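Got the model loaded in your viewer? Switch to a cartoon view, keep the selection box handy, and follow along.

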Amino acid sequence: MKLPGCRPLAVAAAALLVATSLLVATLLTSPALPFLPLLPCLPAVTAPSGAGYEPSGLAALADAAVYYATTRAVPQQSRAEFALSLDVLRRRAPVRLLVFGLGHDSPLWHALNPGGATVFLEEDPEWYRVVRSQSPHLRAHLVRYRTRLDHADLLLGSYKQFPSCVPGTGAEPAVRANAACPLALHDLPPEVYENEWDVLMVDAPKGYFPSAPGRMAAIWTAAAMARARRGEGDTDVFLHDVDRRVERMYAEELLCDTFRVGGTGRLWHFRIPPVSRRGNTTTTAGGGEKPFC
């Protein structure tokens, strides 16, 4: 029934005025209520239901997020160290990323290289099985080392006596099948030798007790691969645990202070140009040649 003398438009205006007055009164009398900005429009969902995570990099990021949200494991690197590597991956991705070692951070390295190729090399069979069972999507290989940490000083002092270990005139030391060089990882899976790696992360093998393999061979192999690069660009090499004496002295000898471009915490970053784009830059330090520098 219509009210006598009352127009619908006037009724609606009066109702709106009352509602506005109540809202203003509520805001003024409720100081604890924060002012919330308007949300943007809900984005449209265009993919069909059941399409899953596409591209595949999104699935890897989702897996990594769940893993780190539910694990109590302590990461092997600090936040600042991760950020240093992430800056390079963000700039260069997608890349071919070779990581020496499997760990709690392996799903993260895989996820941070969407669309690229990430390969892990691990020397401990038991740890290899543990990580692979938790993250079967990782591309990882079980490898062997011939070195011992307690031989590090002897190897550093004698490697230049092996012609297959040092750059020669117009020739670079081979890694594949180079069993004559005690520092060469000569029997890795073929795909490691058949690809050029844009980024190498050396965070293994173990190097904290005398009979451990140490990282001498991993550092030499990373240096040799970077020197022999034929593709465009340089090779970014990250070395972790440089607070330890062996890592530090092998880095200075083989990865070279000249090519060190950054570092934070226990992580050093080297950007190594291929030898094809270098001049005669062999340097001396303490009276001894550094043929890799």
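Two strands count as paired here if DSSP finds at least two bridges between them, and helices (H or I, at least four residues) and strands (E, at least two) are DSSP runs numbered from the N terminus. Residues are numbered from 1 along each chain as its sequence is written, and side-chain values use heavy atoms, with hydrogens and water left out. This is a predicted model: local features need pLDDT of at least 70, side-chain atom pairs count only at pLDDT 80 or more, and totals for chains, interfaces and linings use all residues.

**Stop 1: colour by confidence**

Start with pLDDT, the predictor's confidence in each residue, from 0 to 100. The protein has a mean of 82, with 72% of its residues at 70 or more. Now select 49-53: pLDDT stays under 50 there, and the model has three contacts (heavy atoms within 4.5 Å) for this stretch beyond four places in sequence. Then try 282-287, where pLDDT is also below 50 and the model shows ten contacts beyond near neighbours in sequence.

**Stop 2: the whole chain**

Zoom out and you have nine helices and nine strands. Of the 293 residues, 42% are buried (under 20% relative accessible area with a 1.4 Å probe, protein chains only; exposed is over 50%, partly exposed in between). Among contacts with a separation of 6 or more, 65% link residues 24 or more positions apart.

**Stop 3: the sheet**

Show the strands alone. What is the strand order of the open sheet? Seven strands line up as 3-2-1-4-5-7-6, with mixed pairing. At the edges sit strand 3 (140-142) and strand 6 (260-264), each pairing on one side only. From one strand to the next, the twist averages 15°.

**Stop 4: strand 1 and its two partners**

Select 96-100 for strand 1. Four of its five residues are buried. On one pairing, strand 1 runs parallel to strand 2 (residues 117-122), joined by five bridges; click Arg-96 and look for its bridge partner, Ala-117. Add helix 4 (residues 106-111) to the selection, and strand 1, helix 4 and strand 2 make a right-handed β-α-β unit. Right-handed means that, with the strands pointing away from you, the path from the first strand over the helix to the second runs clockwise.

Strand 1 also runs parallel to strand 4, through four bridges. Here Phe-100 stands opposite Val-202 in strand 4.

**Stop 5: strand 5, covered on both faces**

Next, select 235-240. How many of the residues of strand 5 are buried? Six of its six are. In a regular strand the side chains alternate between the two faces of the sheet. Show side chains and you'll find Thr-235, Val-237 and Leu-239 on one side, with Asp-236, Phe-238 and His-240 on the other, all buried.

Strand 5 pairs with strand 4 in the parallel sense over four bridges, and Met-201 stands opposite Phe-238. The chain gets from strand 4 to strand 5 through helix 8, in a right-handed β-α-β crossover.

Strand 7 (residues 267-272) is another partner of strand 5: the two run antiparallel, joined by six bridges. Pick out two of the matches: Leu-239 stands opposite Trp-268, and Val-237 has Phe-270 as its bridge partner.

**Stop 6: the helices on top**

Bring in helix 8 (residues 216-227), which lies across strands 1, 4, 5 and 7. Helix 8 runs at about 170° to strand 4; axes are lines fitted to C-alpha atoms, for helices over the stretch in contact, and angles run from 0 to 180 degrees between N-to-C directions.

Helix 9 (residues 245-255) packs on the sheet too, touching strands 5 and 7, and its direction makes about 10° with that of strand 7. Eight of its eleven residues are buried, including Glu-247 and Glu-253. Just past the end of helix 9, check Cys-256, which takes a positive phi of about 80°.

**Stop 7: the cores**

A nonpolar core is a set of buried Ala, Val, Leu, Ile, Met, Phe, Trp, Tyr and Cys residues joined through side-chain atoms within 4.5 Å. In the largest, of 50 residues, Leu-98, Phe-100, Trp-220, Tyr-250 and Leu-255 touch the most other members. Helix 8 gives the most to this core, with ten residues. Another core, of 18 residues, lies apart from it and includes Leu-84, Val-88, Leu-97 and Leu-267.

Finish by centring on Leu-255. Beyond its neighbours within four places in sequence, Leu-255 is in contact with Ile-219, Ala-223, Val-237, Leu-239, Tyr-250, Phe-270 and Ile-272.
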